[in-house]
Amino acid sequence: MDVLANATSFVSPLANANSKIQAVRASGFVGRIVESLNIWTVLLTVLLILVTYDQYSYQWRKHGIVGPSWKMPFIGPFLESVHPDFYKYKQKWESGDLSCVSVFHKFVVIASTRDMARKVFNSPAFLKPTVVDVAPKLLRPTNWVFLDGREHVEYRKGLNGLFTRQALEVYLPGQEDVYNRYFKNFVAMSKENGMKPKPWMPVFRELMCAVSCRTFVGHYMSDAIVKRIAHDYYLITAAMELVNFPIILPYTKTWYGKKAADMALDEFAKCAAKCKVRMAAGGDVTCIMDAWVKQMMDSEKYRERVARGETVDQSEKPPQLLRDFTDFEIAQTVFTFLFASQDATSSACTWLFQIMADRPEILDKVREENLRLRGGDRNKPFDMDMLEAMVWTRAVVKETLRYRPPVIFVPYVAKKDFPVSENYTLPKGSMIIPAIWPATHDPEAYPNPDSFEPERWITGDADKQVKNWLVFGTGPHYCLGQTYAQLNLMAMIGKASILLDWVHEPTPLSESIEVFATIFPQDHCKLAFSERP
Ligand code: HEM
């Protein structure tokens, strides 16, 4: 009967399936869950899984080192990274040799001790420098600073010739010229302001940009463009947060930063085109761009002679054979010099003027030395021999850089798992940031580290602490401009000491530190300048 019924009645397979589902839905625990499913519960479940994964991944990468016991879901301390607080960083350095945070998807370890920091700087097989997220967009991904290993070493070799003693000497008159102009402006601006001290940090930033541009591209760039780059450079620094939103959205900080960077690149490319024409016509070297283009031209001439079958004496072979670089490639590289120097030198310059104003007895020694080395003629231009003979001025610059190291951290990223210590291995892809401040404030290397004592550089004690001198990094990426930067700061403060008087209006924030890529006094250093009688 049943068989017959089944055979004679038509039952739709779909209907059949539906009724089976109904049957499953209606019965059992799973059925009840499936029945209660809706879009919100699905979303909530996915969210819970992601939060758990985010938390688990943080705990797994952190295991064994100091750091918050849990991570704010997904974003972590993102807001803190947007508004960096020096004193929170300091707490981190003091919390342990290795400590960590996780912002968005980035896991970041901070290496606080001198030896840990040195290990980071000196482990190129495991680590490479990584500038903040937005940097490849500003500098362009093809920029040399993103090269690694052999390629980086080779490229850098081609730039070394631009920073030798002989090369640096050639750039000095340009720097002297900028200081003469700006110091006159300092006096005029203070007079206009009724000699009332006002924050001078923005003016110092412009001064440093002008000195850099003159050193890098000589007279190929007009003063108006230098001012514009100095002004817009704020937007570049402001865009440089540790972690940014991955896409550049219009009217955001990164958008303004990119526009400013594009403008600077464009201007440097125009300079390169002018430089090539001038150098081809036999122009003399007055700036870094000239020196570089001349090396390219000398290399080309050498290659042509060899190709013609001439026997060229080794002494005529350029020290470094360079290929030709396009205007845009030259612009990209010169832009990295500005990028590396602008914030750091502005920070050092601001602290230097503030510290000297607050310690007139030390400034007097700098002044005495600078007058003496000029044979009493304060208008005598500086030269390399004079700068190298400065003992006090050098000590003051060195101590400023130790006491207030402009760059407090340099982010590196792990190319593969990196055994930082016996107990901790940094997982591939994570960031590690060697801290510089603890090394320059180590009481064993520099007794009384929170006191400004240039004498330690005169006795030679501080110079012996080579391992702690991490102000310019160390290892394969150590600062290319370190000699230039220090000589330039010496030339500046030495010249200022004999031409200018300046008063500092201390405020409760003068000794507090603000982090704006590098470090500055929180009140931005309130000064007024007058001409020295
Ligand atoms: C007081 C001023 C300066 C300070 C404190 C400073 C500090 C630093 C530090 C800490 C690094 C990273 C080093 C590392 O990873 O081991 C660096 C790299 C660099 N600096 Fe400086 N710097 C200063 C001025 C300059 C100037 C004036 C220039 C250019 C003319 C310059 C060009 C560079 C370049 C090109 C790099 C990257 C080198 C590479 O990756 O091979 N810096 N600097």
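In strand β12, D501 finds its bridge partner in S530. That pairing belongs to a predicted model, so keep that in mind as you look around. This briefing starts with the sheet that holds D501, then visits a second group of strands, a pair of helices and the ligand.

**The sheet with β4, β12 and β9**

- β9 and strand β12 (residues 526–531) run antiparallel to each other and are joined over 5 bridges.
- Zoom out a little and you'll find an open sheet of 3 strands, lined up in the order β4-β12-β9 with antiparallel pairing.
- The edges are taken by β4 (198–199) and β9 (500–504), and each has a single partner strand, so one side of each has no neighbour in the sheet.
- If you're wondering what holds strands like these together, strands of a sheet pair through backbone hydrogen bonds, and they can do it parallel or antiparallel.

**Strand β2 and its partners**

- Which way do β1 and β2 run relative to each other, parallel or antiparallel? Strand β1 (residues 98–103) and β2 are antiparallel, with 6 bridges joining them.
- For one pair to look up in the structure, try L98, whose bridge partner in β2 is A111.
- β2 also pairs with strand β8 (residues 431–434), this time in parallel, through 4 bridges.
- Here you can look for I110, which has I433 in β8 as its bridge partner.
- Why is β2 largely enclosed by the rest of the structure? Strand β2 covers residues 106–111, and 5 of its 6 residues are buried, so the rest of the structure largely encloses it.

**Helices α10 and α11**

- Helix α10 (residues 165–192) packs against helix α11 (residues 201–217) at an angle of about 150°, and their axes are 9 Å apart.
- An angle over 145 degrees counts as roughly antiparallel, and α10 and α11 are therefore roughly antiparallel to each other.
- As for handedness, α10 passes α11 in a right-handed crossing.

**Around the ligand**

- There are 26 residues around the ligand, and those that come nearest are A340, S341, G473, C479 and G481.
- Two elements give two or more residues to this shell, namely α15 (327–358) and α21 (482–499).
- Which element gives the most to the shell around the ligand? That's α15, with 7 residues.
- What kinds of residues make up the shell? Sorted by type, the shell around the ligand has 17 nonpolar residues, 8 polar ones and 1 charged one.

Definitions and conventions
Residues numbered from 1 in each chain as written. Predicted model: local features only at pLDDT ≥ 70, side-chain atom pairs only at ≥ 80, totals over all residues. Buried ≥ 20, exposed ≤ 12 C-beta atoms within 10 Å, placed from the backbone. Pairing = 2+ DSSP bridges. Near = placed C-beta within 6 Å. Nonpolar A, V, L, I, M, F, W, Y, C, P; charged D, E, K, R; others polar. Axes fitted to C-alpha atoms, helices over the stretch in contact; angles between N-to-C directions. Parallel < 35°, antiparallel > 145°, perpendicular 65-115°, else oblique. Left-handed = near helix turned anticlockwise from the far one by under 90°.
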